[in-house]
Amino acid sequence: MRNIDVFKRHLRERRAVKIIAGIDNYNVESVKNVSKAAQLGLASAVDVAASEEIIRAAKQNTKLPVFVSSVEPFKLAKAIQWGADAIEIGNFDALYKQGLEFGADDVYEITLETLSLTPNGIFTCVTVPGNINVEEQVELARKLELLGIDLIQTEGTKAGAIEKAKSAQEFLNLAKTTISNTMEIARHIGIPIMSASGVNSDTAPLAFAAGASAVGVGSAVNKQETQIAMINEVRKIVGAIAYRDTFKKDLYEANQHFMTR
């Protein structure tokens, strides 16, 4: 089974967890640590910057599928040659900090160019910008679905806000927008959705309840100070989703028992 097939299975089972090293993270040691944490934390994939050295570092430190994020179609095409298992147009948070903005038309044009440069069959994810109104997000998601995109990622927080969050309440407030965007888009498209921005072990189950099939987690893992802490954070997120599934199974069995009494 190919690496990406494992991620696809987790998507179908609505329990995929992608750990994001960062679209602008070219620190090899940092990427190695994130990749190891994703592997040992039982995540579904890792997401890294479009660099041959960075992709190699990720592939050497995890057997999980490696997503590569960029807003440059040529780099995404090169990433496939460098060993990427999937490509992603997006993870814009880091770029917002640089003063860059992306509208619906920008993302659609980047997607068209990327598809023209990459071979058919490459798993492709596109982030719908959280800074455009929800009607535009829905329309863009519909157009991307018609192009044959495999996965839509939602976002919703202001750049830099996630790194400062510490309490569960702060993370809940940060996650509200991306979760509401997920809920709205899920009503209008048939392809899977991944919620990112403000997602941690407290908010991941809420994203799945809103219609997500996956979550993308970056800062909640990256801000941990040790490798052990990073692994533990990934396991908490994966465990929170597993607990959700166990709870649903127990609830179903309880209902069946009640109905047969």
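Colleague: Which residue in strand 8 stands opposite Ala196?

Modeller: Gly216. Bear in mind this is a predicted model, where local features need pLDDT of at least 70 and side-chain atom pairs count only at pLDDT 80 or more, while totals for chains, interfaces and linings use all residues. Residues are numbered from 1 along each chain as its sequence is written, and side-chain values use heavy atoms, with hydrogens and water left out.

Colleague: What makes you say that strand 7 and strand 8 are joined?

Modeller: There are 3 bridges between strand 7 and strand 8, running parallel. Strands count as paired if DSSP finds at least two bridges between them, so 3 is enough. Strand 7 (residues 193-196) also has 3 bridges to strand 6 (residues 151-154), again in the parallel sense, with Ile152 partnered by Ile193. On another edge of strand 8, 4 bridges join strand 1 to strand 8 in parallel, and Val17 has Val215 as its bridge partner.

Colleague: What closed arrangement do the 8 strands form?

Modeller: A barrel, running 1-2-3-4-5-6-7-8 with parallel pairing. Neighbouring strands in that sheet are turned by 25 degrees against each other on average, direction ignored. The chain has 12 helices alongside its 8 strands. Both kinds are DSSP runs numbered from the N terminus: H or I of at least four residues for a helix, E of at least two for a strand.

Colleague: What is the handedness of the unit made by strand 7, helix 10 and strand 8?

Modeller: Strand 7, helix 10 (residues 204-209) and strand 8 make a right-handed β-α-β unit. The word is used because, with the strands pointing away from the viewer, the path from the first strand over the helix to the second runs clockwise.

Colleague: Why is Thr111 called buried?

Modeller: Its relative accessibility is 0%, and buried means under 20% relative accessible area (over 50% is exposed, partly exposed in between; 1.4 Å probe, protein chains only). Therefore Thr111 counts as buried. It lies in helix 6 (residues 104-117). Leaving aside neighbours within four places in sequence, Thr111 is in contact (heavy atoms within 4.5 Å) with Ile89, Val126, Leu144, Leu147 and Ile149.

Colleague: And why does Ser70 count as buried?

Modeller: Same test: Ser70 has 5% relative accessible area, which is under 20%, so it is buried. Ser70 is in strand 3, and beyond its neighbours within four places, its contacts include Ile23, Lys75 and Glu88.

Colleague: What makes the link between Ser70 and Glu72 a polar contact?

Modeller: A polar atom of the Ser70 side chain lies 2.9 Å from the backbone nitrogen of Glu72. A polar contact is a pair of N or O atoms within 3.5 Å; within protein, one must be able to donate a hydrogen and the other to accept it, and residues adjacent in sequence count only if both atoms are side-chain atoms. At 2.9 Å the pair is within that limit, so the distance fits.

Colleague: Which residues show that both faces of strand 8 are covered?

Modeller: Ala214 and Gly216 on one side, Val215 and Val217 on the other; all are buried. Across the chain, buried residues make up 51% of the 261 residues.

Methods. Axes fitted to C-alpha atoms, helices over the stretch in contact; angles between N-to-C directions.
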